[in-house]
Amino acid sequence: MLNYLFRRLNLLFITAFILSVIAFILTYWSSKNTLADADAGYIIQYVKYMSAILQGEWGLSSIDQQPMLIKGLTAFASTLELCFIAFITANIIAIPLGIFAGLNRNSLLDYLIMTIALIGLALPVFWLAVITTMLPRLLGIPLPIDGGISPVFEIPVVSGFILLDTLLAADTYQLDAFFNRLAHLILPSSVLSLFLITEIIRLTRHSITMVMKSNYVKAAYAKGLSRKEIVFRHVLKNALPPIIHQLRLQLSTIISFAMVIEIVFSLQGSGVWLLSSIKEGDYLALPTAILIISGFILLSSIFIDILLMIISPIKRKSLYVD
Amino acid sequence: MLINNEFNEEKIQSPLQYTWSIFKRNSLAITAMWGSLILILITLFADYIVPYAPSTQYVKHLLLPPYWVEGGNSAHILGTDDLGRDSLARLIQGIQLTLGGALAITIAVSILGSVIGATAALTKGLKASILHHLLDALLIIPTLLTALILIVMFGPSYENSLIAVSLSLLPQFIRGIYISIENELNKQYIISLRLDGATNVRLLRFGIFPNILEPIITLLNRIFTMAILEISTLGFLGFGTQFLDVELGALIASSIVLIYSSPWLVFFPGLAIFIIILVFNIFTEGLRHAVIEGEDL
Amino acid sequence: MRFLFAFTITLLLSGCYKNESTLTDSLIYCPENTPQSFNPQISHDISTLDATTHQLYNRLVKIDPITKQFIPDLATHWQQNDNKSSYTFFLRKDVNFHQTDYFTPTRFFNADDVIFSFQRMLDKDHPFHSVNRVTDSYFFNHPFTNLVADIIKIDDYTVKFILNKADVTLLANLAAHYGVIHSEQYAQNLLSKGHPERIDFYPIGTGPYKFKNYEIKGITRYLSHPQYWGGRPTITNLIFDVTPNNTKRYAKLLSGECDIMTYPAPSQLNTMSVNPSVVLSSIPTANVALWSFNSVKKPFKQKEIRQALSYAIDQKTIVNAVFFKSATATDTLLAKQSWAYNPRSAELQYTPQLALQMLKENGFDFNNIITILTPIDHSVFNPNSHKTAELIQANLFDIGVSSEIISLPHSELEMRLASGNYDTYLTGIDVHIKDPDSLFRPLLSCDATILEGNSSQWCSPEVQDLLDSTLLEPNFIKRIKNYYQLQDIVQQERPYYPIAHVLRFDAFNQNISGLHVNALTGIDFQNVRKIEAQ
């Protein structure tokens, strides 16, 4: 157990080190003409860079002279908010469908569910987003399709999570701002959750099938337990951890997709921030994004790993991320 | 066993033939296979089958709808864009660039990735350890971000977007190959092969490779799907082809302005991406099933 | 069933979600670009003008939109001496400057403010003269330096403009967007705090709206100015929500997220005009899209080659394909509504055979590849330069001339232009005041650089002489005659091929009324009213 923890932490540090080197190279590249002591060795410069990073001095944006760290974190918080809402929606819809498909393999409904899942996988996300922006007009639903929140509301940035911030600003706007933000999230999160739904359905179905084949389920049948009892008592408990593990691997894809969706919906977040920074030539945003986004993925991976280890001890042997 | 040439059905089939006979039974997969073949042929011979040159402007026919819509013209089956360029020709050119790019990436990544992955799996020690930690770090960076960084460093162009996508997908492939080989390496038959004194190349070619076909197919399919999506995403964001040549994502981006007057200009390229991915996925899924069934017997 | 559940939740949420169109005290305007600054004296792009001229500031005089006469703004009346070399302005009393959280005025508007506003441009030793590097821009002080010799304060409410020589363009220049009046007290205040640069970004004026804040993502908020001398506007919150994508802008207009949008995509005009809930306003501008020939470079040194290429371009198709109905095709540089427009200008005919013949007769080298330089992004005078270039390329190809399109981003384009290494350039010119001189001088004067507008590098003594003498000519009939002559020369020499005169379009929802758009100085929200949408 301790050995495992130690190995994971070791992995964390080495990976973090490599990430910081990549970020350093990028920073070095993006500011190649302006670096102060260009004749100092790379190692000394790296150490200087790291000490600045650790003290929270990530440099200033060349667009508006605001600190990069704050800009990057605010943008990423917005992205996370989108991912979170989409994730919740996707789970509510996909897990029951996946379980159903897994339990009734090769039935007509299973085929239907899996066809939908395959279609969801094959739809390019940006195109789906573009088409979705047309929906409110075609269906006559008054839903906003652009921006993160109506400019009528002035929400001070406290946590960066706009939904939270709107609640904090409830004194001025009551819940209007909160609902406005939520309405702005509906369409983008639907697009993102469609991708998540297909992914979760496939994983759940696969996982349930595997568990249903296992010997202990056969034993439970032999014990005379009803199917319902078996599913709730044995199958679900054992089928879910692999799903979490697989989803963890999808984290970076989910964030990639979220960024593209943000760009189509002009939803303020990492995607819009990165794209506009690149277009304005503010390349310092790239290493900042690497450190923040990959740092987040790294930390949450380790967290999920430890969580899974507590749930299922088999995983304790693996050396690398798989 | 005695082989009787008169009775064909008793002939022992090679694994390949056997797999093929299982695959043949799946009519959906067969359809998908033909679909994939047609798409690949379109990609290879796009220049010969386009009805018009994709950049020729028919200024008398601006923004024509597809011919089955009222006001359409059968000379331009899918209509024309705002410069009077034939939509079908541009779509075919788009398929050529997107699908061709994705196929090239899949081939390049699989060759390069197999070599690195196999080397890593068969070597132990510091070198392998460094590689793995590097891979861990690279896998954590979202592929879109990697591609953006590389594009910013190289400058936006179609070729550079292909390079960027390949490099961002390479770590996934290496890791996938590594895990499959590693799983096989621990099995008894490999150990016995080793004890027989097989060289590494022989071990890989005759021992491991036939047994990891299924994960390789899955992996290739995944890389291919991701490549299509990423090339078109980069194109959509304006980091891919510039101006004259238009890949599917860029085609969508440049048509968004016209979404109210000619929605099909946005619709068809998206549909093309969708069909490409769908057809190739069904095909490889069928193949994978055939391989699994073939192994089981 | 789950989908049903999700759908119900969505419906519930959209029930709680209040659309912006129900808030009648807030007006959301969706422009295309962010303003470069909040001072129209230093930034002349249309986004800045829309965001500032009519909203934040007043000028001494303005032009009546209907009668086109000069009418009072901050000056109640004015006198000129007999030879038109000095003007005396009598100022409005009890005019309040904005009170904001960064400045509280303690006095009314007076002559000091007028003198400050113009001396910043005129006096090279003025403490604000070079603040924010404004002098880098050619247009900053240009309109006034040759015009005004001095401004004298006679008393607190009377100022006298003394001109270098008799000039008829003073009132037009004062009514232009760069004639806005700033607060001298605010400037002193900033100077004592050591932040003079804030004057252009945290504006204080006398206009109907005051600046509230600006967010980097492109949102500018204004509040109504309660003590505005012309009456407090009915809109309390004026919000500019920059939406660069025109498809999005239209979608937001339809969904009520924007009340007013600017520059609909030319391709949307048809769908818009048949939509009963959207009102489309269009006004002609003097802005013209041009294709300029580099007249100092071979083969465009030759007048016949320039003429030949002019005959080879199918202008009608370009205007239909690129501008749709957002511009009118033109044969002349000057717009038809100008008083100096020469109605007998030679017309341009699309005659490729003639073009080919002329090229052959004048020894054009058909192996030569002509470069067509275009900006990569669109501009106020051309919604899609690259598309225009592609159409021109196709036209040239038809007569056997091969060409290469070079699309460059702004900074690289300027470098390329400055180097003079180009054959032709797709550009245009936006005109700031009504006087024809403001169109012809940047395009044709020997003193105008490429970046200032003379991308043809045109310089002829005859044209220069006409430009200079007409500017000082007090006799109106003589001025018209001179400009007629000038236009004849330009038609003959063809340093520029005019493509189209651009219209300015704005679209707004039916519940908005009282919007006024000025082609030269920008949009005006002072009298806008908003009722709740049905």
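A cavity is a set of grid points where a 1.4 Å probe fits but cannot get out. In this predicted model, the second largest cavity holds about 80 Å³ of space. Its lining is made up of C:His44, C:Asp45, C:Ile46, C:Leu49, C:Tyr263, C:Asn287, C:Val380, C:Asp430, C:Val431, C:His432, C:Ala519 and C:Leu520. Sorted by class, these comprise 7 nonpolar, 3 polar and 2 charged residues.

In total, 8 cavities of 30 Å³ or more are present in the structure. The largest cavity has a volume of about 90 Å³. Chain A lines it with A:Thr253, A:Ser256, A:Phe257 and A:Val260, while chain B contributes B:Thr143, B:Leu144, B:Met226, B:Leu229, B:Glu230 and B:Thr233. Two or more lining residues come from each of α10 (227-265) of chain A and α5 (143-154) and α9 (213-236) of chain B. The lining of the largest cavity has 5 nonpolar, 4 polar and 1 charged residues.

Chains A and B also share a contact, with 45 residues taken from chain A and 42 residues from chain B. About 3900 Å² is buried between the two chains, and carbon and sulfur atoms give 83% of this area. Between chain A and chain B there are 0 salt bridges, and 1 residue pair is in polar contact. On the side of chain A that touches chain B, at least two residues each are supplied by α1 (2-30), α4 (108-122), α5 (125-139), α10, α11 (270-279) and α12 (285-311). The most is given by α10(A), with 10 residues. By class, this side of chain A has 36 nonpolar, 6 polar and 3 charged residues.

Conventions
Residues are numbered from 1 along each chain as its sequence is written. Chains are lettered from A and ligands numbered from 1 in the order in which they are written. This is a predicted model: local features need pLDDT of at least 70, side-chain atom pairs count only at pLDDT 80 or more; totals for chains, interfaces and linings use all residues. Side-chain values use heavy atoms; hydrogens and water are left out. On a 1 Å grid over the protein atoms alone, a cavity is a set of points where a 1.4 Å probe fits but cannot get out, and a pocket is an open set with protein on both sides within 12 Å along at least five of seven lines; lining residues have an atom within 4 Å of a point. Grid points are joined across faces, edges and corners, and a volume is the space filled by probe spheres set on the points. Helices (H or I, at least four residues) and strands (E, at least two) are DSSP runs, numbered from the N terminus. Ala, Val, Leu, Ile, Met, Phe, Trp, Tyr, Cys and Pro count as nonpolar, Asp, Glu, Lys and Arg as charged, and the others, Gly among them, as polar. Contact means heavy atoms within 4.5 Å. Buried area is the accessible area (1.4 Å probe) that two parts lose on being put together, summed over both. A salt bridge is a side-chain nitrogen of Lys or Arg within 4 Å of a carboxyl oxygen of Asp or Glu. A polar contact is a pair of N or O atoms within 3.5 Å; within protein, one must be able to donate a hydrogen and the other to accept it, and residues adjacent in sequence count only if both atoms are side-chain atoms.
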